[in-house]
Amino acid sequence: MATKKQNSPSVGKKQGGIITMPFIFANEICEKLAVVGFGTNMISYLTSEMHLPLTKAANTLTNFGGTSAMTPLLGAFIADSFAGRFWTITIASIVYQIGMISLTLSAVLPNLRPPPCNKSNQICQEADSGQLAILYVSLLLTALGSGGIRPCVVSFGADQFDENDPEQKTTTWKFFNWYYFCMGASILVANTVIVYIQDNVGWGWGLGVPSVAMFFSITAFVFGYPLYRKMEPSGSPFTRLVQVCVAAYRKRKVAVVSDWTSLYENEDLDRAIALGGELVHTESMRFLDKAAVVTEEDDNLKTPNPWNLSTVHRVEELKSLIRMGPIWAAGILLITASAQQNTFSLQQAKSMDRHLTQSFQIPAASMSVFTQISMLATIVFYDRLFVPFARRFTGLDRGVSFLTRMGIGFVVSLLATFAAGFIEIRRKRAAAAGGLMDQPDAVIPISVLWLMPQYCLHGIAESFMSIGHLEFFYDQAPESMRSTATALFWLSISAGSYTSTLLVTLVHKYTARPDGSNWLPDNNLNRGKLEYFYWLITLLQLLNLVYYLLCAKFYTLKPIQVRNQEGLRHRKTEDGFELTNHV
């Protein structure tokens, strides 16, 4: 991010602010309706409509999910390097729209999908190579589209508030709460209404409705173009990071200076990448400071060779990203814990009495509704009650820092898996009492609502941890790399999912016994030790919490040197320091 795109000062003052939120939130709501409505029930579409074997369908979705998790890094690079966030979101949304239209057509046009199964002999013809090609191209287009949308929307929304304006800076942290609230509400609708349409009305409508929602998402977003506060890209941030590393390596034999004020600084050179102010020197990783040491070889200080000499600001950009790494890694295990809701918790729900009334039975997959509802309720509670209460004691506008908020999320997530183990014990006792231990398909006489606590606790944990994680990435990332930093948030979700797969595989392999028993059996969960698996995750989360607390204690918040019309001045914020030392 470099400069605000504006034609005159008066125009710039009118851009951005709260007036842009309806357009951005409308985009987010429609986009999530499309994405979640498209992906939640896709396994059913591949098996029932495309007639793919379960393993092939699962691998297709796994590959699609892995690709979708990687593409945000590409989208963030494009946005931060040359396209800017607005145009990256717009073009990526159009690409996603094309993919959805293609997939919808395959569900509507008979020639693009295999014929229905023969009901008399239950023979189903699998999709041929041409039909699969259209499917794979459609999935690839949606993966590429999501790669441009995910890392940029939240950063673009936060960009609408000027961090140097005390009033707007207060609004920024509220934006993250309400952004996540809109996202959660749209996911809730997608998991209920859209899935119902797909299962009961048809896949043409089930995929068509998300496609129409995506169209309205693009329209709403583009319609707000004149109002947006847009940041122009300033070249590849990754190139600058590599230049710092190369310059530090070339000067590896140069002594580290004791007086850091002698390090190279150039406001004119950094102006395009330091709109909100320049980063101030920190004492950590001083070996990188060598990149900013001026030597006799650096003869042209106005426009130096960036591969030989870097400014303090550029060195601190690299330091900031490195310091964020351990905090980023701490968030992976929370995703691993919550991922069990869609696997083993769902299998538990299938085995339990799911009747809410005599005539209505809640689908096992819909238990995630409790996670979404608790998350939405917690966001409202946090914004309206918790923040004003905490503000009285901390004096912080946002109530508590994002690091504290994340810590609360870790604790709640730990309690969720700890409680899940005891609930599983109760489920198996009910099965034993009913003589159903060896009947895995039988309905155990215990209400599925016993699972509500673990689902709700996961929702509460997400409202604290995930939003705090987003705030952390946006606040602590260098200005020119905020899209990239937001992509790291999505990358942590991907890493958490893959960690869950690895953990399940290892536990299944090493708890197998010659008599066929296993903590995680393939066919009969009643004979397994799922509670041990939940408590193993609890133990890992406890160790992770200790690790996180150590990382948070020694974390150096990003210090920034702020400019204003009256000159530079000292200012301390609630989560970091804004210092001045150089004109």
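The protein in this predicted model is built from 18 helices and eight strands. Of its 583 residues, 54% are buried. The chain also folds back on itself quite a bit: if we take the contacts with a separation of 6 or more, 80% of them join residues 24 or more positions apart. On the outside, about 26000 Å² is exposed, and 64% of that comes from carbon and sulfur atoms.

Now for the inside. In soluble globular proteins, nonpolar side chains tend to be buried together. Here, the largest nonpolar core takes in 82 residues, and F175 and F472 are the ones with the most contacts inside it. Helix α7, running over residues 166-200, is the top contributor to this core, with ten residues. A second core stands separate from that one; it has 19 residues, among them I444, I446, Y455 and C456. Back in the largest core, F472 shows who its partners are once neighbours within four places in sequence are set aside: M324, I327, F402, L403, M406, A477 and Y555.

Not everything buried is nonpolar, and S500 is a handy case. This serine sits in helix α17, which covers residues 482-510. S500 counts as buried because its relative accessibility is 8%, below the 20% cut-off. Its side chain makes a polar contact with the side chain of Q340, at 2.9 Å. Apart from neighbours within four places in sequence, S500 is in contact with T336, A339 and Q340.

Nonpolar residues turn up on the surface too. W87, I91, I94 and I98 make a nonpolar patch there, and together they have about 390 Å² of accessible area. One of them, I98, belongs to helix α5 (residues 85-108). With a relative accessibility of 47%, I98 counts as partly exposed, since the label "exposed" is kept for values over 50%.

Charged side chains pair up as well, giving 13 salt bridges in the structure. One of these joins the side chains of E317 and R240, with 3.4 Å from N to O. E317 is in helix α11 (residues 312-330) and R240 is in helix α9 (residues 237-250), so this bridge ties together parts that lie 77 residues apart in sequence. Both ends are tucked away from the surface: E317 counts as buried at 1% relative accessibility, and R240 counts as buried at 6%.

The bridge between R527 and D438 looks rather different in its setting. Its closest N and O atoms are 2.9 Å apart. R527 lies in the loop between α17 and α18, while D438 lies in the loop between α15 and β5, so the pair links parts 89 residues apart in sequence. R527 is partly exposed, at 47% relative accessibility, and D438 is exposed, at 57%.

D383 and R384 form a salt bridge too, with 3.6 Å between the closest N and O atoms. In this pair, D383 is buried at 7% relative accessibility, whereas R384 is exposed at 56%. Finally, some charged residues are joined up into a wider arrangement: E283, R286, D289, E316, K319 and R323 are linked in a network of salt bridges.

How values were computed: Residues are numbered from 1 along each chain as its sequence is written. This is a predicted model: local features need pLDDT of at least 70, side-chain atom pairs count only at pLDDT 80 or more; totals for chains, interfaces and linings use all residues. Side-chain values use heavy atoms; hydrogens and water are left out. Patches are made of residues with over 30% relative accessible area and no salt bridge: like charges are joined within 9 Å, nonpolar side chains (Val, Leu, Ile, Met, Phe, Trp, Tyr) within 5 Å. Accessible areas come from the Shrake-Rupley method with a 1.4 Å probe; for residues, only the protein chains shown count as cover. A salt bridge is a side-chain nitrogen of Lys or Arg within 4 Å of a carboxyl oxygen of Asp or Glu. Helices (H or I, at least four residues) and strands (E, at least two) are DSSP runs, numbered from the N terminus. Buried means under 20% relative accessible area, exposed over 50%, partly exposed in between (1.4 Å probe, protein chains only). A nonpolar core is a set of buried Ala, Val, Leu, Ile, Met, Phe, Trp, Tyr and Cys residues joined through side-chain atoms within 4.5 Å. Contact means heavy atoms within 4.5 Å. A polar contact is a pair of N or O atoms within 3.5 Å; within protein, one must be able to donate a hydrogen and the other to accept it, and residues adjacent in sequence count only if both atoms are side-chain atoms.
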